[in-house]
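Welcome! Please take a moment to look over the sequence and the 3D view below before reading on.

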Amino acid sequence: MDRVCVIGAGSSGIAACQVLSARGLEYDCLEAGSEIGGNWRYLNDNGMSSAYRSLHINTSRQMMEFRSFPMPAHLPTYPSHFQIAEYFDDFVKHHGFRDRIRFRTEVTSVVPGSDGRYAVTSRDRDTGESTTTSYSSVIIANGHHWSPRWPEPAFEGSFDGEQMHAHFYKTPERFANKKVLVLGIGNSACDIAVESSRVSSRTYLAMRRGAHIMPKYLFGMPSDHLTTSPLARFAPSWLQSLLVRAMLRLARGKLTSYGLPEPAHGILAAHPTVSDDLLTRLGHGDITVKPNVARLDGAGVVFADGSREEVDVIVYCTGYKVDFPFLEAAAFPAVSSPDNEVSLYRRVVDPEHPGLYFLGLIQPLGAIMPLAEAQAEWVADLLTGRAVLPSMPEMKAEITAYRQGLRSRYVASKRHTLEVDFLGYQRELAEERKRTAAG
C-alpha cells in the first residue's frame with residue numbers, strides 16, 4: 001500500500017506514528033509547529049496549545065502513559081506539562097521516528113477525490129510554498145482543545161473591561177490587583193480562579209450549574225486508581241457512582257459547605273472537575289461563587305440572582321469547538337456539527353469516507369493517550385487488511401446507539417458529545433479488533 005498521511009504530532013499523532021512504524025507502514029506526519037507535543041507543548045509555536053504555565057495533568061501518570069513506553073518511575077504522580085512534553089520527546093526518540101515528521105508544515109485542505117483517494121495540501125510555514133500530495137488513507141489527529149468556544153448565545157449588554165478565553169491564559173500576573181470573573185466550573189476554570197485569587201483584589205467564579213469536585217487523592221491514593229480498580233472493571237455505572245459519591249462525602253463533606261451549588265446530576269453524569277485547591281480557596285474566602293451571568297453591564301456584570309459586581313476582567317472557560325479548518329464542512333458532515341456532535345463509527349471511522357480516520361477525538365473519563373494508542377492499533381489492522389469494517393447500516397446503527405447512550409447518561413452539553421468511559425472504551429476497541437479480524 002502507499003503512504004499514509006498523519007495530521008498532527010501531538011499525543012495522538014505520535015501514537016499513530018509509533019504504531020505505523022511498528023507495522024512497517026510508510027507515512028508522512030505533518031505538524032504545524034516546530035516540536036511535537038501539541039497541547040502539552042507550552043507556548044507551542046503552532047498557536048494551538050492551551051497549556052498555561054502551572055498546568056499539571058489531572059489523571060495520574062499510570063493512567064496517562066503509553067503502553068509501548070511507560071513513564072519513568074521517578075516522575076511525580078501528576079507531572080507538569082514540561083515533564084509530559086519531555087516524556088513525549090523521549091517516546092519519539094525511543095521509537096526512532098522523529099525524522100518522519102515534517103515540522104512547520106500546516107495542512108490547509110483535505111479533499112476527497114472520485115478515485116477514493118485524498119488530496120492533502122500543506123503549506124511550508126517558513127517558505128510559504130504549498131504542496132499537494134495524494135493519499136489513500138489519512139489519519140487526523142489535530143486535537144480538539146485549541147479552537148475556543150465563546151458563550152452561545154453571547155450575553156446581552158456590553159462590557160468596558162477585558163474579555164478573554166481560557167485558551168489564551170498563561171500566567172496570573174495580568175490579574176494583579178484587578179477584579180476578575182472566571183466563568184465556568186471545569187478544570188481550567190478552577191485552576192485559573194485559584195491562581196487569580198492569589199494576586200487579584202477579588203475573584204468571582206460563576207457557573208450555570210454545579211459540578212462534583214474530585215480531589216487528586218482519595219485516602220492516600222490517586223483518585224483515578226479507584227475508578228480503574230478491579231471492582232470498577234466489572235461494577236455497573238450506578239454502583240460506581242454510588243461508591244465514589246460516598247467516598248467524596250467522607251473525604252470533603254458537602255459542596256454547599258464551601259458555597260458551591262449542589263450538582264443536580266449524578267457524579268458520573270458529567271466530565272469530572274479535578275481540583276485540590278479550589279475548596280481551600282473557597283474556605284479561605286478568597287473566591288466568591290456566583291450564579292451564571294445574566295447580562296454585561298458596562299463596568300460590571302449582573303448575575304442570574306439579580307446581584308451585580310464590578311469587574312475588570314472576564315475569563316471565559318467555556319470549552320472548545322471540534323474544528324477541522326482543512327475539511328470543508330459540506331463534504332464532511334460527520335465531524336462538522338456546530339454543536340460538537342460527531343458521527344464516527346467507534347469514534348474513529350467516518351462511514352461516508354473510507355480511508356479517513358480520526359484519532360483522539362474523544363473525551364474520556366481518564367486519559368486520552370492509551371486510548372489513542374489503541375485506536376491506532378485498530379486503524380493499522382484496517383490498513384493492513386487484518387480487520388475489516390462492518391456494513392454501512394451496522395456502522396450507522398452503532399453511531400446512533402452511542403449518541404443515544406450519551407443523551408441518556410450525561411448532562412446535555414456540548415462538552416459531553418465526545419465522552420467515553422476509559423475502561424469500557426478500551427474493551428470496546430479490543431472486542432472490535434477481535435470481532436472484525438479478517439479470516
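What follows is a short tour of the domains, their interface, a few chosen residues and some charged pairs.

This is a predicted model, in which local features need pLDDT of at least 70 and side-chain atom pairs count only at pLDDT 80 or more, while totals for chains, interfaces and linings use all residues. Residues are numbered from 1 along each chain as its sequence is written, and side-chain values use heavy atoms, with hydrogens and water left out.

## Two domains and their interface

Let us begin with the overall layout. The protein is divided into domain 1 (4-147 + 320-434) and domain 2 (151-315), with bounds that come from an automatic or database domain assignment. Their C-alpha centres lie 28 Å apart. Domain 1 brings 36 residues to the contact and domain 2 brings 33 residues, where contact means heavy atoms within 4.5 Å.

How much area do domain 1 and domain 2 bury between them? The answer is about 2700 Å², 50% of it on carbon and sulfur atoms. Buried area here is the accessible area (1.4 Å probe) that two parts lose on being put together, summed over both. On the side of domain 1, Tyr52, Tyr78 and Leu423 lose the most area to domain 2, together 24% of what that side buries.

The rule finds zero salt bridges across this interface; a salt bridge is a side-chain nitrogen of Lys or Arg within 4 Å of a carboxyl oxygen of Asp or Glu. There are, however, 10 residue pairs in polar contact across the interface of domain 1 and domain 2, both residues at pLDDT 80 or more. A polar contact is a pair of N or O atoms within 3.5 Å; within protein, one must be able to donate a hydrogen and the other to accept it, and residues adjacent in sequence count only if both atoms are side-chain atoms.

Helix H2 (61-64), strand S22 (363-365) and helix H11 (422-435) each supply at least two residues of the side of domain 1 that touches domain 2. The largest share, three residues, comes from S22. Helices (H or I, at least four residues) and strands (E, at least two) are DSSP runs, numbered from the N terminus.

## Helix H4 and serine 275

Now turn to helix H4 (residues 187-197), which is mostly covered, as nine of its 11 residues are buried. Buried means under 20% relative accessible area, exposed over 50%, and partly exposed in between (1.4 Å probe, protein chains only). Among the buried residues of H4 are Cys190, Ile192 and Val194. Their cover includes strand S10 (179-183), strand S11 (202-207), S15, H8, strand S16 (287-291) and strand S20 (313-316).

Serine 275 sits in the loop between strand S15 (273-274) and helix H8 (278-284). Is serine 275 buried or exposed? Serine 275 counts as buried because its relative accessibility is 8%. Leaving aside residues up to four places away in sequence, serine 275 touches Cys190, Ile213, Met214 and Pro215. A polar atom of its side chain also lies 3.1 Å from the backbone nitrogen of leucine 278.

## Glutamate 26

Glutamate 26 is found in the loop between helix H1 (11-22) and strand S2 (27-30). With a relative accessible area of 40%, glutamate 26 is partly exposed. The side chain of glutamate 26 makes a polar contact of 3.3 Å with the side chain of arginine 3, and another of 3.4 Å joins it to the side chain of arginine 100.

## Charged pairs

Side chains of opposite charge can pair when their charged atoms come close. The structure holds 29 salt bridges, including those in this table.

| Salt bridge | N to O distance |
|---|---|
| Arginine 117 and aspartate 2 | 2.5 Å |
| Glutamate 152 and arginine 149 | 2.6 Å |
| Glutamate 309 and lysine 290 | 3.5 Å |

Glutamate 309 lies in strand S19 (residues 308-310) and lysine 290 in strand S16, so this pair ties together parts that are 19 residues apart in sequence. Glutamate 309 is partly exposed at 23% relative accessibility, whereas lysine 290 is buried at 10%. Salt bridges that share partners also join Arg346, Arg347, Glu398, Glu428, Glu432 and Arg435 into one network.

For the other two pairs, arginine 149 is buried, with a relative accessible area of 5%, while glutamate 152 is partly exposed at 47%. Arginine 117 and aspartate 2 are partly exposed, at 25% and 28%.
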